[in-house]
Amino acid sequence: MLRRAGVEWPEVASLVAYADGRIAHLAVNADLQKAALEQAPEHRQAALELAVQRLDVLQAAHWQAATEGGDHTAAHLVIKLIVQRRPRPGAGKES
């Protein structure tokens with residue numbers, strides 16, 4: 001909820017007692033991946049759709065600055081978001 005609200009990772013880390021933003025980011029991703037593995041296939045699909053929606057919100061928030069405003073930080077973030085959307089080996093396969 002904090003990230004969706006626009007709170008940056010360093011502030012998230014401070015609020016939830018992680019050492020830094022990178023560690024908070026890794027912890028959130030690990031927890032999301034674990035939760036996805038524990039879900040039934042239909043729930044995994046819903047979780048994937050929610051993750052894509054979140055990426056859409058983040059990308060939309062930075063798109064104009066990245067493409068028209070010359071904001072290199074925003075451009076790097078948009079690129080990371082695009083990379084995040086790429087399929088991963090084994091993704092989508094049922095176990």
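Is Asp56 buried, partly exposed or exposed, and at what relative accessibility? At 38% relative accessibility, Asp56 counts as partly exposed, where buried means under 20% relative accessible area, exposed over 50%, and partly exposed in between, with a 1.4 Å probe and protein chains only. The model described here is a predicted one, in which local features need pLDDT of at least 70 and side-chain atom pairs count only at pLDDT 80 or more, whereas totals for chains, interfaces and linings use all residues. Residues are numbered from 1 along each chain as its sequence is written, and side-chain values use heavy atoms, with hydrogens and water left out.

The chain contains four helices and zero strands, and its elements run α-α-α-α from the N terminus on; helices (H or I, at least four residues) and strands (E, at least two) are DSSP runs, numbered from the N terminus. Along its principal axes, the C-alpha trace of the chain spans about 45 × 30 × 20 Å. Of the 95 residues in the chain, 13% are buried. The area exposed by the chain is about 7,400 Å², of which carbon and sulfur atoms supply 59%; accessible areas come from the Shrake-Rupley method with a 1.4 Å probe, and for residues only the protein chains shown count as cover. Among the contacts in the chain with a separation of 6 or more, 27% are accounted for by residues 24 or more positions apart, a contact being defined by heavy atoms within 4.5 Å.

In the N-terminal part of the chain, Trp9 is found in helix α1 and, at 17% relative accessibility, counts as buried. Not counting residues up to four places away in sequence, Trp9 touches Arg3, Gly21, Ala24, His25 and Val28. The C-alpha atoms of Trp9 and Asp20, eleven residues apart in sequence, are 7.7 Å apart in space. The loop between α1 (9–15) and α2 includes Ala17, which has a positive phi of about 65° although it is not a glycine. Most residues other than glycine have a negative phi. With 71% relative accessibility, Ala17 counts as exposed.

A nonpolar surface patch of about 500 Å² is made by Leu2, Leu15, Val16, Tyr18, Ile23 and Leu26. Such patches are made of residues with over 30% relative accessible area and no salt bridge, like charges being joined within 9 Å and nonpolar side chains (Val, Leu, Ile, Met, Phe, Trp, Tyr) within 5 Å. Of the patch members, Ile23 has its place in helix α2 (residues 21–37) and is partly exposed, with a relative accessible area of 30%.

Helix α3 (residues 41–67) has 27 residues, which at 1.5 Å a residue should span 39 Å, and its end C-alpha atoms are 37 Å apart, which agrees; the expected span is 1.5 Å times one less than the number of residues in the helix. A kink of about 35° in α3 is centred on Ala61, the bend at a residue being the angle between axes fitted to the seven residues ending there and the seven starting there. Leu55, Gln59 and Ala66 are buried in α3, and the buried residues of this helix pack against α4. Gln59, which lies in helix α3, is buried with a relative accessible area of 15%. When residues up to four places away in sequence are not counted, Gln59 touches Val78, Leu81, Ile82 and Arg85.

The structure holds one salt bridge, a term that denotes a side-chain nitrogen of Lys or Arg within 4 Å of a carboxyl oxygen of Asp or Glu. In this salt bridge the side chains of Asp56 and Arg85 meet at 2.7 Å, N to O. The pair links distant parts of the chain, with Asp56 in helix α3 and Arg85 in the segment after α4, 29 residues apart. Side chains of opposite charge can pair when their charged atoms come close. Arg85 is partly exposed, with a relative accessible area of 32%.

Helix α4 (residues 72–84) is also the place of Leu77, a residue that is partly exposed, with a relative accessible area of 28%. The C-alpha atoms of Leu77 and Asp31, 46 residues apart along the chain, are separated by 22 Å.
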